[in-house]
Amino acid sequence: MGVNSQTSSVIDPAEWVEYAAREHPRRLFLRTLAGRQLSYEALREQSARLASALLGRGVASGDRVAARVEKSAEAVLLYVACLRLGAVFVPINPACTPNELEYLLCDSSPRLAIVPPGERDMLAPLADRAGIQCLETLGADGNGSLSELARLCNPDRQAPGAHDPDAPAAIVYTSGTTGRSKGAILTRVNLASNATALAAAWRFTGQDVLMHSLPLFHVHGLCAAINTVLASAAGILLLPKFEVRSALQHLAHVTVFMGVPTHYTRLLQDEGLNREATAHMRLFVSGSAPLPIETHQEFLRRTDQVILERYGMTETLINASNPYDGPRVPGSVGPALPGIAIRVTNRDSGTVEPKPDVIGTLEIAGPNVFAGYWRDPDKTSAEFTADGWFKTGDLGRIDRDGYVHIAGRVKDLVISAGCNVYPREVESELEALPGVAESAVFGAPHPDFGEGVTAVIVPEAGAVLSEAQVIESLSTRLARYKVPKRVLLVAELPRNAMGKVQKDALRATYACLYRGS
Ligand code: AMP
């Protein structure tokens, strides 16, 4: 377990709703494009009804509620209902396969599982096999058995009293690029402390409206976005998903945008992204994957807006952020947030690197660090150091100004002829070449070098690139051992729902690239 078990003086998540509904009952909490509007008063009332409905279905404080529901106002209400009841919210990607769903249900063993109305018949046998006794439905337009029950419920019924700050609030499954995904247990104080830190760091006020176009089954859309809004009694414009045209069309009604790097690269491809469209915006935030320096610079050139990049992960929520007022350095994720500590340790010996600018493993301590992996004490103890720091699995360095620079995942490090090659460094050089839109660098088995540095690149529209020419250009910018042995031109990179490049998929596709070399 981490060094995070101390309680904190931050306000419990359930209190956010009570406070905002008391102080600003008529303020808009959430609006959808379909015209659904929820004031803070309505949020309190409707989430309380849902909490009573959950109680009525046997869910008590501490019980898990698995939700594989469409992104909607109802889904947000369900999350808030769980927070208020003390139930543990387990969000599930609606696009997961029946196989994956069965695994997640078996693993999380929820008291109640909630699915869209149209999927109940299909999923009932699967829930049965997972030993789930209670299955309810919740639709995006307010239909479904749970909503019906909630309408009949007394909103004053749920009031469990004070919540334990160290109690689990959510179990969020990691993207699971290696093996089965693991459930990260996030406590109430994890959520509360991080939202409070972000609201302060990013200067959120009740006048803000966030454009929410991220999924709700990941900590970026669930915690960084919704919790920060709730903690500041601000508002949300909830979009079903990110689409460039829709985002640009509705930008005039919001003040803050949180996105992943691909959102920014796609926005830049549209002529509608310009100074006029963004002049009123207070903040653009990027995270979940590295933001290419070129994207940062091009966005600034087109809009005069300096994207604020931050760094986080399922197990720790947000760790570091470029400053609101100070320099937002392209290619860096900024210093650790107040109250959170980040250190660099030697990848082999595990000793702490005392000097700045040395690349090693990033480790985190603070009230944001999760309580461990669900029902997996071995994995939990393997991921914490003896002195209680969480090993992120990311490589990076901290510069003299305290800014963190991510070098990539430990498992993505390429070791070619005994030399370490940090993929992010090579990707940055590739993305700086004219005509290269995106890139990914990884190691593929090589008979001579152990691993051959390999790159896939996506050319910009209309750009004519050749492998030989790209390799030659890189040779003048990088030491020889870092220059990719092969550069393959592709139409797009394999990405997951959060826009992260799936390097495992690339390694599998190109596993035989150097066979016979
Ligand atoms: P997840 O748990 O799915 O949110 O993935 C977390 C991982 O995403 C981190 O461990 C990093 O490897 C990566 N990540 C998140 N934010 C950034 C960022 N701003 N720059 C580079 N990598 C990032």
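In this predicted model, 16 residues of domain 1 are in contact with 14 residues of domain 2. The domain assignment places domain 1 at residues 226-409 and domain 2 at residues 413-509. Taken over C-alpha atoms, the centres of domain 1 and domain 2 are separated by 23 Å.

How much area do domain 1 and domain 2 bury between them? A word on the quantity itself may help here. The size of an interface is often given as the accessible area that is lost when the parts come together. For domain 1 and domain 2, the buried area is about 1200 Å², and 58% of it falls on carbon and sulfur atoms.

The ligand comes next. It is surrounded by 15 residues, and the closest are Glu309, Arg310, Thr314, Asp394 and Arg409. Sorted by character, the shell around the ligand divides into five nonpolar, five polar and five charged residues. Which strand gives the most to this shell? That is strand S13, covering residues 308-313, which supplies five residues.

Individual atom pairs add detail to this picture. A polar side-chain atom of aspartate 394 lies 2.6 Å from an oxygen atom of the ligand, and aspartate 394 is also listed among the closest residues of the shell. An N or O atom in the side chain of lysine 500 is found 3.0 Å from an oxygen atom of the ligand. Serine 288 takes part through its backbone: one of its polar backbone atoms is 3.2 Å from a nitrogen atom of the ligand. How much of the ligand does the protein bury? Taken alone, the ligand exposes 500 Å², and the protein buries 91% of that area.

Technical notes: Residues are numbered from 1 along each chain as its sequence is written. This is a predicted model: local features need pLDDT of at least 70, side-chain atom pairs count only at pLDDT 80 or more; totals for chains, interfaces and linings use all residues. Side-chain values use heavy atoms; hydrogens and water are left out. A residue is near a molecule or strand if one of its heavy atoms lies within 4 Å of it. A polar contact is a pair of N or O atoms within 3.5 Å; within protein, one must be able to donate a hydrogen and the other to accept it, and residues adjacent in sequence count only if both atoms are side-chain atoms. Accessible areas come from the Shrake-Rupley method with a 1.4 Å probe; for residues, only the protein chains shown count as cover. Helices (H or I, at least four residues) and strands (E, at least two) are DSSP runs, numbered from the N terminus. Ala, Val, Leu, Ile, Met, Phe, Trp, Tyr, Cys and Pro count as nonpolar, Asp, Glu, Lys and Arg as charged, and the others, Gly among them, as polar. Domain bounds come from an automatic or database domain assignment. Contact means heavy atoms within 4.5 Å. Buried area is the accessible area (1.4 Å probe) that two parts lose on being put together, summed over both.
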